[in-house]
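Visitor: I have a model open and would like to learn how to read it feature by feature. Could you walk me through it?

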Amino acid sequence: MLDFEDEISRFKPSLEVGAVEEAIKQEDLTDMNDLITEIFKTVKE
Amino acid sequence: MDRTINKNYQIANSYYNRGLELAGQRDLTGAARYLKRSLLFNKFQTEARNLLGLVYYEVGEAGAALSQWVISLNLKPQDNLAEEYLQRLYKAQSYLEMADQAGKKFNQALNYAQNDNQDLAVLLLMRLTGDMPNFVKAQLLLALLYMNHEDYTKAGRCLFQVLKTDRMNPKAQRYMTDVKENTGRAEIERRKFKNAFSHRQMQDDDIIIPPSYKENTGLQSVLNILVGLLMGAAVIFFLVLPASRESINRRHNQELQRYMEQLNQKSITIDELNSRLAEADAAQKNAEDSLQGLLDENGGVLSQYQTLIRILKAYQDEDMRTAALLYTNLDLTVLQDGVVDEILAWLIQDMQLKGYQELLKMGDELLNQEGKAQQAIDYYQRSLKINPTNPQALYQIGLAYLKLNNTDAANQYFGDIIMNHADSEYARQAREQRGY
């Protein structure tokens, strides 16, 4: 049996077309290579 | 370091391949999961990002799709399929507008649903999923709301639509299990499954009748045909007709809802137009009033300026009496526009110094003539208008009324002097007139 309140709270708003610009700005584009490069830099220092 | 980076590229490619495979099988949720992992290992994996955008687009998330394609084009501006996707999307403005509206409506509906306004949420979502049946999130939310209202059949339809778009959507599958349990569909499927795979050991006395074996007589054939016809009629009556009736009703309801929305929109437009018309009418009236105010013969601005000019002309001619008389007709409130403030200040000062006395003199001259007491009162009143606290003017008015045999009015003025100007020389004379 589903718990309605629990289920409804899991729904997240849809990204509106008008808010795309802001979403792109906030997108975290860090990938594994960035992380590894960063770690290497720290270790060398 | 380079080896590690190469390894990451390989992992990203593997994830992309798996995502591509799942997308091909219409397991869009699974595909999205692998594509995101691919991008986590290599953000420059353009194919993965473009495909992720396509997956979002397919499930009705135009905003998320746009976002991925724009990022993709930024990371790789040349030879990128994302450019074509974006161009196509911008060319289809009507779709973009619809998708924009869909996102807004979904968020509104979600807000309604999460704040105990489920009926409104259902109405919005019905309209939304009618326009965009592949909007997975909206279908899922609508299904959940239907399930909460225990309308499992409608919920099942929404979930069916979701699974058509995203075959392995986990949420839809979970909801569908619940729907099937509540509609009895689960039991039917379990039985079918059991029958399909269950078997028992063949016994010695079991007889296998070949499917071609028939023992029908002519009468039985006729009966079979009749039974078949009856069953056909029953199927039409019980299954086809209600379904078609329901379909027609649904169509009518949707149409009615559309008309209602159009009607509401028109009403809003009419209200706006009426409001603008009222504003325009008010502005027109205001302008007309202003114009009338300017043109009005007695109290109008133009008329007041004319009077002022005539007063100044009288000053120029050293005709103080005319100036004082005209001054009492001047409406100073109309002329306080900052243009002639200095002239007015000087004029008021001069009138309070000399003007009121000229008017008193004019009144006195008339009072001494036979039958002109009423005119004299008019000049005294004008004098009072310039200098309202002058007991001499009050006293003279009293005398003029005595001449007119209006003792009551005269006593009123004498009383005023006795009460309010008790220290003046006219107080004594007023008392004498009253006989104190």
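Guide: Happily; we will go from the chains to a few helices, then to the cores and the contact between chains. Please keep in mind that this is a predicted model.

Visitor: Let us begin with the fold. How many helices and strands are there in chain B?

Guide: Chain B has 19 helices and zero strands. Chain A also lacks strands, with three helices and zero strands, in the order α-α-α along the sequence.

Visitor: What percentage of the residues is buried in chain B?

Guide: In chain B, 29% of its 436 residues are buried. For chain A the figure is 9% of 45 residues. As for how chain B folds back on itself, take its contacts between residues at least 6 apart in sequence: 47% of them join residues at least 24 apart.

Visitor: How do I judge the length of a helix, say α17 of chain B?

Guide: Multiply the rise per residue by one less than the number of residues. Helix α17(B), residues 391–403, has 13 residues and should span 18 Å at 1.5 Å a residue; its end C-alpha atoms are 19 Å apart, so the two agree. Helix α9(B), residues 152–165, passes the check too, because its 14 residues should span 20 Å and its end C-alpha atoms are 20 Å apart.

Visitor: Is α17(B) mostly covered or mostly open?

Guide: Mostly covered, with eleven of its 13 residues buried. The buried stretch includes Pro391(B), Leu394(B), Ile397(B) and Tyr401(B). Its buried residues pack against α15, α16, α18 and α19 of chain B. After the helix comes Asn405(B), with a positive phi near 60°.

Visitor: And which residues of α9(B) are buried?

Guide: A general idea helps here. An α-helix has 3.6 residues a turn, so residues three or four places apart point the same way. In α9(B), the buried residues are Tyr152(B), Ala155(B), Gly156(B), Cys158(B), Leu159(B), Gln161(B) and Val162(B). Their cover includes α7, α8 and α10 of chain B.

Visitor: How should I look for a nonpolar core?

Guide: In soluble globular proteins, nonpolar side chains tend to be buried together. Here the largest nonpolar core has 62 residues, and among those touching the most other members are Leu35(B), Val55(B) and Leu125(B). Helix α8(B) contributes the most to this core, ten residues. Leaving out residues up to four places away in sequence, Leu35(B) touches Tyr16(B), Gly19(B), Ala48(B), Leu51(B), Leu52(B) and Val55(B). Apart from the largest core there is another, of 33 residues, including Ile311(B), Leu330(B), Leu347(B) and Leu394(B).

Visitor: Why does Leu22(B) count as buried?

Guide: The cut-off is 20 or more other C-beta atoms within 10 Å. Leu22(B) has 21 such neighbours, so it counts as buried. Leu22(B) sits in helix α1 of chain B. Beyond neighbours within four places in sequence, Leu22(B) contacts Asp27(B), Gly30(B), Ala31(B) and Tyr34(B). Its C-alpha atom is also 9.9 Å from that of Arg167(B), 145 residues away along the chain.

Visitor: Finally, how many residues does each chain give to the contact?

Guide: Chain B gives 33 residues and chain A gives 22. On the side of chain B, the elements giving two or more residues are α1, α2, α4, α6 and α8. The largest share is that of α6(B), with ten residues. By type, this side of chain B has 18 nonpolar, nine polar and six charged residues.

Note on methods:
Residues numbered from 1 in each chain as written. Chains lettered and ligands numbered in written order. Predicted model: local features only at pLDDT ≥ 70, side-chain atom pairs only at ≥ 80, totals over all residues. Contact = placed C-beta atoms within 7 Å. Helix = DSSP H or I, 4+ residues; strand = E, 2+ residues; numbered from the N terminus. Nonpolar A, V, L, I, M, F, W, Y, C, P; charged D, E, K, R; others polar. Buried ≥ 20, exposed ≤ 12 C-beta atoms within 10 Å, placed from the backbone. Core = buried A, V, L, I, M, F, W, Y, C linked by C-beta atoms within 7 Å.
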